[in-house]
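Trainee: Could we go through the ring contacts together? I would like to see how each label is earned.

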Amino acid sequence: MDRSHRTIRNVCGLAWLLFVVSSLLAEEPAKPKPDDSELLFKGDNFLRLKIEVSTEDAEKIKADGRPYVKGTIIENDAVTYKNVGIKLKGAAGSFREFEDRPALTINSDKFKKKQAFHGLDKFHLNNSVQDESYLCELICSEIFRAAGVPTPRATHARVWLNGRDVGLYVLKEGFDSRFLKRHFAKTDGNLYDGGFLQDIDANLEKDAGDGPDDHSDLHAIAEAARDPDPNKRATRVAELIDIEAFLTFMAVERMTCHWDGYCLNMNNYRVYFDPGRAIAPGESNAKTPALGESGLNSRAVFFPHGMDQMFGDPGMGLFDHPHPLLTQLVMQNNALRKRYREKIRSLLPLFSPPDKLLARCDNIAARLKPVLAEISEEAANAHADRVRELKERITARAENLKEQIEQPDQEPEQFEKGGVLKLADWNPASEVEDAKLEEVELPGGKKGLSITAGPSGQCVASWRRRVLLGAGTYKLVATCRTKGVIPLDDNDNSAAGVRTSKSERNTQVLGTSTKSVEFQFTVVEDRREVEFVAELKARKGQAIFEGDSLRLIKVKSK
């Protein structure tokens with residue numbers, strides 16, 4: 001190779017390195033653009049909304065539940081919006097029938113083009129049945145926006161539905177084109193609804209965008225996050241998502257104890273592929289960004305949603321290993337994990353000291369007090385109690401966040417001499433009610449973990465144990481005693497044995513016998529929390545795993 005070719009190769013390599021580094025640097029979040037909806041969310045005027053739906057359309061809703069029907073909204077007995085789209089919303093926990101206190105989605109221009117409600121095309125009326133303080137959505141949306149995460153705004157309204165007083169509601173901005181225009185220079189990227197308990201590898205509902213309709217943009221992220229070479233994962237994912245924005249999103253979700261969001265439960269989120277954030281190796285400019293290896297010219301940004309159960313567990317951990325793909329990527333990669341910890345430290349002033357959050361709670365509660373008193377004195381008093389409880393949880397969380405961030409990061413498990421780790425403290429788990437799991441005494445003073453199939457003949461039960469491991473190859477071993485074990489089906493892999501979670505066993509113990517069983521696996525990441533499973537899947541019989549025999553052997557380090 002001549003000198004000119006080597007020079008070109010070196011320059012290209014440098015360009016690629018600069019691309020990776022630049023994708024990992026902090027970006028100043030863009031400030032939302034003001035629009036006609038600003039006054040609505042400043043809280044100066046309290047809304048009273050009377051919603052009317054025809055008898056015929058009410059019956060449609062009762063029969064189906066989710067179709068849009070035409071309705072009328074009268075605001076403060078002064079302004080009327082006709083032919084607005086109305087449908088029920090909510091999932092498990094928050095969904096209520098039309099005759100109850102239903103949560104509603106309102107689409108102001110669904111049947112009348114260009115009609116807007118205070119500058120909004122779409123908004124939601126949340127019944128807040130899972131948040132009796134009525135504050136979580138509003139408080140936490142303000143925290144996310146203060147951190148630079150695009151998040152719908154919220155306020156409150158008292159609602160009547162076909163003449164029935166259905167009480168106080170949380171009014172929340174929808175994820176629509178106007179929302180995108182407030183936060184992004186370009187609004188033609190794909191916008192996806194995370195749906196119910198779905199990760200990014202699912203065919204999520206596409207709500208808007210001129211991008212691909214085959215979910216290839218989402219699937220490209222999932223493929224990158226599963227690259228068998230852990231050193232390539234972060235680099236590939238950085239082409240496809242805004243890493244810095246995701247770290248912020250993840251940090252705030254977990255700092256607010258959003259257990260039902262993406263980062264813990266693969267739920268309540270939106271993904272937007274922002275064409276204005278396209279990056280790629282090689283030459284590019286602001287007008288015409290070059291395409292990366294993925295062939296996509298945008299990067300994904302995550303939005304929070306469904307924040308009605310926040311600060312529920314003030315001691316919730318920040319650094320454990322949940323299942324969602326992108327959360328795993330961060331927690332298993334030492335460099336990203338370090339940056340995530342730094343992100344939490346930088347965001348801590350939003351929570352601690354909690355004085356500003358507590359004052360904001362008082363401010364909103366004072367605004368709601370006379371409205372609730374109109375409903376009943378009991379409603380006003382109960383609300384005051386719920387607000388006090390929320391403030392107590394916020395205060396406790398602020399203290400807990402300070403404690404967690406000062407604790408040293410957990411290190412992978414240390415092995416005894418010879419590369420052996422004894423595994424005690426197993427926990428029972430069963431998919432059926434009649435399986436019997438218990439610790440039993442064995443001859444010679446030994447103890448065992450027993451699983452006995454029940455009368456249903458459908459035993460799927462196990463003992464489980466989690467361990468944090470570094471990169472390397474390992475072998476899980478145990479001695480298993482069985483008595484009369486009959487598989488669930490002659491053609492399946494049911495039996496007694498050991499494995500890791502989300503993997504297939506490679507050994508079976510059936511009938512009546514005593515055998516040594518093992519399961520070998522490899523951890524390629526910097527660190528991974530592995531769940532071990534000692535299980536029985538059977539129609540009949542008993543399996544006992546000798547306690548002293550349950551151990552992990554390090555076969556080879558990275």
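Mentor: Happily. In this predicted model, the count comes to 20 aromatic pairs.

Trainee: Why is the pair of phenylalanine 144 and phenylalanine 249 called tilted?

Mentor: Their ring centres are 6.4 Å apart, and pairing asks for centres within 6.5 Å. The planes meet at 45°, whereas stacked needs under 30 degrees and edge-to-face over 60, so the pair is tilted.

Trainee: What makes this pair a tie between parts of the chain?

Mentor: Phenylalanine 144 belongs to helix α4 and phenylalanine 249 to helix α8, so the pair ties together parts 105 residues apart in sequence. Both phenylalanines, 144 and 249, are buried.

Trainee: Why is the pair of phenylalanine 246 and tyrosine 262 called edge-to-face?

Mentor: Look at the angle: 75° between the planes, and edge-to-face means over 60. The centres of these two rings are 6.3 Å apart, which satisfies the 6.5 Å limit. Phenylalanine 246 lies in helix α8 and tyrosine 262 in helix α9, so this pair ties together parts 16 residues apart in sequence.

Trainee: How do you know that phenylalanine 246 and tyrosine 262 are buried?

Mentor: Buried means under 20% relative accessible area. Phenylalanine 246 has 4% and tyrosine 262 has 0%, so each counts as buried.

Trainee: Which residues do ring pairs link into a cluster?

Mentor: Phe144, Phe246, Phe249, Tyr262, Tyr269 and Phe302.

Trainee: What makes arginine 341 lie over the face of phenylalanine 319?

Mentor: Its distance from the ring centre is 4.1 Å, and the rule asks for within 6 Å, together with an angle within 35 degrees of the ring normal. Lysine 50 likewise lies over the face of tryptophan 160, at 5.9 Å from the ring centre.

Methods: Residues numbered from 1 in each chain as written. Predicted model: local features only at pLDDT ≥ 70, side-chain atom pairs only at ≥ 80, totals over all residues. Heavy atoms only, no water. Phe/Tyr/Trp six-rings, centres within 6.5 Å; stacked < 30°, edge-to-face > 60°. Helix = DSSP H or I, 4+ residues; strand = E, 2+ residues; numbered from the N terminus. Buried < 20%, exposed > 50% of the residue type's maximum accessible area, 1.4 Å probe, protein only.
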